[in-house]
Amino acid sequence: HPELQEPVAIALINNGNALVKLGRSEEGVAAYDEVINRFGNSARPELHQRVAIALVNKGAAMGKLGRSGEVIDSSDKLIQLFGDSARLDLQERVAIALINKGVALQDLGRREEEVAVYDEVINRYANNGGAVLQEIVARALVDKGYALGMLKRPEEEIAAYEKVIHHFGGSARPEVQRQVIRALVYKGITHGDLKQLEEVIATSD
């Protein structure tokens with residue numbers, strides 16, 4: 001019965017969430033997989049959001065289990081299904097999936113790819129006025145800066161932090177402000193490191 005599909009999907013997701021909270025992540029993932037497999041190809045718009053939630057939650061559960069490759073797979077599947085959607089709720093899920101993919105790439109030490117993923121978030125959503133998407137863009141910029149620091153590219157790192165401070169410094173949203181504070185702190189540390197490096201170079205001449 002088509003009218004029962006959404007309640008079934010909601011029940012499966014709730015079950016998955018409860019199992020993950022109890023530390024039974026494998027069983028939780030199985031519940032999310034059931035949603036994805038049963039409804040992933042559905043043309044019904046209300047099921048698209050449920051499938052997107054199942055994929056994001058599956059990725060998060062895999063992250064907790066340290067299975068970074070599967071986090072990337074879940075994120076890629078979500079982007080493949082809904083990356084071109086004009087719906088704000090689906091765009092938000094895609095943006096979250098991209099951030100999760102970036103974190104997984106970081107865990108795998110694949111920093112260049114991590115930076116490319118954050119660039120994708122920024123390029124896709126920087127001009128979107130949605131509040132949640134702006135929070136995610138701010139985070140992507142800070143995480144990009146941090147990854148560039150790990151790649152020993154301090155000038156680009158500082159430029160990423162300055163973008164956050166410039167674009168989001170006046171935001172009243174707590175999550176955005178948290179990212180601005182991270183940017184200010186990391187920028188200060190990196191400036192300090194660069195200053196020390198310049199001093200070392202000057203004294204060794």
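In which helix does His 166 lie? His 166 lies in helix α8, and I shall return to that helix after an overview of the chain.

Good morning, colleagues. What you have before you is a predicted model. The mean pLDDT over the protein is 93, and 100% of the residues reach a score of at least 70. Confidence varies among the elements: helix α6, residues 111-125, has the highest mean pLDDT, at 97, while helix α9, residues 174-204, has the lowest, at 86.

Let me turn to the overall architecture. The protein contains nine helices and zero strands, and read along the sequence the pattern is α-α-α-α-α-α-α-α-α. The C-alpha trace spans about 75 × 35 × 25 Å along its principal axes. Of the 205 residues in the protein, 43% are buried. Among contacts with a separation of 6 or more, 57% join residues that are 24 or more positions apart.

I shall now take three of the helices in order, beginning with α2. Helix α2 covers residues 25-39, and its 15 residues should span 21 Å at 1.5 Å a residue; the end C-alpha atoms are 21 Å apart, so expectation and model agree. Which residues of α2 are buried? They are Ser 25, Gly 28, Val 29, Ala 31, Tyr 32, Val 35, Ile 36 and Phe 39. Around the axis these residues cover an arc of only 155 degrees, and therefore they sit on the same side of α2. The elements that cover them include α1 (2-21), α3 and α4.

Next comes helix α4, residues 68-82. Here too, 15 residues at 1.5 Å each should span 21 Å, and the end C-alpha atoms are 21 Å apart, which agrees. The buried residues of α4 are Ser 68, Val 71, Ile 72, Ser 74, Ser 75, Leu 78, Ile 79 and Phe 82. Viewed down the axis of α4, they fall within an arc of 160 degrees, so they line one face of the helix. Asp 73 and Gln 80, on the other side of α4, are exposed. Against what do the buried residues of α4 pack? Their partners are α3 (45-64), α5 (88-107) and α6.

That brings us to α6 itself. For its 15 residues the expected span, at 1.5 Å a residue, is 21 Å, and its end C-alpha atoms are 21 Å apart, in agreement. Buried in α6 are Arg 111, Glu 114, Val 115, Val 117, Tyr 118, Val 121, Ile 122 and Tyr 125. The buried residues of α6 fall within an arc of 160 degrees as seen down its axis, so they too line one face of the helix. They pack against α5 and α7 (131-150).

Between α7 and α8 there is a loop, and Lys 152 is found in it. Although Lys 152 is not a glycine, it has a positive phi of about 60 degrees. Is Lys 152 buried or exposed? Its relative accessibility is 69%, and because exposed means over 50%, Lys 152 counts as exposed.

I return now to α8, residues 154-168, and its packing with α9. The two helices pack at an angle of about 150 degrees, with their axes 9 Å apart, and their crossing is left-handed. On the α8 side, the residues making the contact include Pro 154, Glu 157, Ile 158, Tyr 161, Glu 162 and Ile 165. On the α9 side, those involved include Val 180, Ala 183, Leu 184, Lys 187, Thr 190 and Leu 194.

Two residues of α9 illustrate this contact. Thr 190 lies in helix α9 and is buried, with a relative accessible area of 7%, which is under the 20% limit. Apart from residues up to four places away in sequence, Thr 190 touches Pro 154, Glu 157, Ile 158 and Tyr 161. Lys 187 is also found in α9. Leaving aside its neighbours within four places in sequence, Lys 187 is in contact with Ile 158, Tyr 161, Glu 162 and Ile 165. Lys 187 and Leu 78 are 109 residues apart in sequence, and their C-alpha atoms are 33 Å apart in space.

Finally, let us revisit His 166. At 65% relative accessibility, His 166 counts as exposed. The C-alpha atoms of His 166 and Asn 17 are separated by 38 Å, and the two residues are 149 residues apart along the chain.

Thank you for your attention.

Methods. Residues are numbered from 1 along each chain as its sequence is written. This is a predicted model: local features need pLDDT of at least 70, side-chain atom pairs count only at pLDDT 80 or more; totals for chains, interfaces and linings use all residues. Side-chain values use heavy atoms; hydrogens and water are left out. pLDDT is the predictor's confidence in each residue, from 0 to 100. Helices (H or I, at least four residues) and strands (E, at least two) are DSSP runs, numbered from the N terminus. The expected span of a helix is 1.5 Å times one less than its number of residues. Buried means under 20% relative accessible area, exposed over 50%, partly exposed in between (1.4 Å probe, protein chains only). The arc is that of the directions from the helix axis to the C-beta atoms. Contact means heavy atoms within 4.5 Å. Axes are lines fitted to C-alpha atoms, for helices over the stretch in contact, and angles run from 0 to 180 degrees between N-to-C directions. A crossing is left-handed if the near helix is turned anticlockwise from the far one by less than a right angle, and right-handed if clockwise.
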